[in-house]
Amino acid sequence: MLDKQKVGRAISEQRKIKGMTQKQMADLLNVSYQAVSRWELGISLPSVDMIYDIAQILETTVDFLLNGLPEERKTIRYSDTGLDVRKLHQLKSRLNDLITKDKKLLHAEYIDPVFFKLDVLELEEPICVFAIHVPGSKERFAMENGYDREICFDLVANAANNLIRFGVKPAILEANIVCGNNDSGQILMMGEALKEACENSGIIFAGLEVAAQAVNYPIGEYKIGALIIGIADRKHIITGNKITEGDSIIGIHTEGISAVSYPFVKVILDRKPDIISAKIDDSTIFMDELMKPNSCYVKAIQELNSQGLIHGIFHINKSLFGRKCYSTIPKGLVASISISSIPIPALFQYLYHLNMMDRECFLEDFSLGIGMILAVPKTECNRAIEIIENYHKCYVIGKIEKEEKHPDTKVWMEGTVKW
């Protein structure tokens, strides 16, 4: 038997949800409003035919009106996409705790804009410089083989070096990662690595923003990038205009391998996959040596620049002999590189002796462990080396000469490689 009170409450509740008065509903049904009132009070029931009309007007089901059963809501939640929102919020809160505590950093939280006070009082003509960086081709290898910490250090080093090569002081870095519903421990560890890499070079870490896209990325997969901002006094920006004939050329050592050179390594690995876990000497595994982060030169370059010891900087991405690297050398001059003076690291010796690339091809695609080259006054070369060696290994590898000796080039190679 139908429960008149239950039916009445269902009609009343649904009518109110629709924002309809008893009279408006009665007019649509061609009955008196008193009839509607009696239904809702549970005094009487509408006819069988009428119940179907009521359901249509109130946009509900007969089942709901007769039994008081709510319609099942058709919903899609984040959990249906594979994303654990609760875990994500907990992770973001922990990442937020990694942000550098500095009075110049006024606000940096989640996806909010970063508010940062630039320290420019001592600069005559302050210039703000920014760049966006991604790890490049090494990222997937790092992701698939557990070198997540190393790729974060590599990212920070490359971002900072890109600014410092112009004499620009890197001031603040904010990173972002796009990933699936990844392990929070993995992302937190990457945030800690980014913070450590930044603060090792005096760079404020403004946080790691996580864009979790479980519908696009499987667990364990990610894309990471960073925005870095620096400041400089315009008159101290290094443009290469001070480079003169006779300047000494110093090569600064870097660990690992450039992301620009990595595609060539990938081809080698595809052809000889068994070398991935090979030893390149008595104690070093090829894969570990390959994934060492590149060196960050901020502290050394800042100290040299503050003493006016730098005439020019050439950032080496791939080959020591890429013409583009030396584009800032003034017209009429050329960099003469003595390749025999460069100690070749074990990683590059191992790659070369695989005998998959001839000498010319190898020198076109690998930096031989040199990450940055400086042109310094010949008379100040020893002092410059002394400063650099407080931070990195370095070598005198050449000098600036007149172009007439080597026409139509910006860089010239002398000697032979000592494998």
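A salt bridge is taken here as a side-chain nitrogen of Lys or Arg lying within 4 Å of a carboxyl oxygen of Asp or Glu. In this predicted model, the count by this rule comes to 20 salt bridges. Among them is the pair formed by Arg15 and Glu40, whose closest N and O atoms are 2.6 Å apart. This pair links distant parts of the chain, since Arg15 belongs to helix α1 (residues 4-17) and Glu40 to helix α3 (residues 33-40), with the two positions 25 residues apart in numbering. Both partners, Arg15 and Glu40, are buried.

A further salt bridge joins Asp270 to Lys266, with 2.9 Å between the closest N and O atoms. Asp270 and Lys266 are separated by about one helical turn, because they are four residues apart in helix α10 (residues 262-271). Asp270 has a relative accessibility of 52% and therefore counts as exposed, whereas Lys266, at 36%, counts as partly exposed. In the salt bridge between Lys292 and Glu289, the closest N and O atoms are 3.2 Å apart. Here Lys292 is partly exposed, with a relative accessible area of 30%, while Glu289 is buried, with a relative accessible area of 14%; the cut-off applied for burial is under 20%. Beyond these pairs, Arg140, Glu144 and Glu221 are linked in a network of salt bridges.

The environment of helix α15 was examined next. In this helix, which spans residues 381-388, the buried residues are Cys381, Ala384, Ile385, Ile387 and Ile388. Viewed down the axis of α15, these buried residues fall within an arc of 160 degrees, and they therefore line one face of the helix. On the other side of α15, Asn382 and Glu386 are exposed. The cover over the buried residues of α15 includes the strands β7 (248-253), β10 (370-376) and β11 (394-402), together with the helix α12 (298-306).

Nonpolar side chains are also found at the surface, where Phe130, Ile132 and Leu227 make a nonpolar patch of about 330 Å². Of these residues, Phe130 is placed in strand β3, which comprises residues 126-133. Phe130 has a relative accessible area of 58% and is therefore classed as exposed, the cut-off for that class being over 50%.

How values were computed. Residues numbered from 1 in each chain as written. Predicted model: local features only at pLDDT ≥ 70, side-chain atom pairs only at ≥ 80, totals over all residues. Heavy atoms only, no water. Patch = residues over 30% accessible without salt bridge, like charges linked within 9 Å, V, L, I, M, F, W, Y side chains within 5 Å. Areas by Shrake-Rupley, 256 points an atom, 1.4 Å probe, with all protein chains shown as cover. Buried < 20%, exposed > 50% of the residue type's maximum accessible area, 1.4 Å probe, protein only. Arc of directions from axis to C-beta. Contact = heavy atoms within 4.5 Å.
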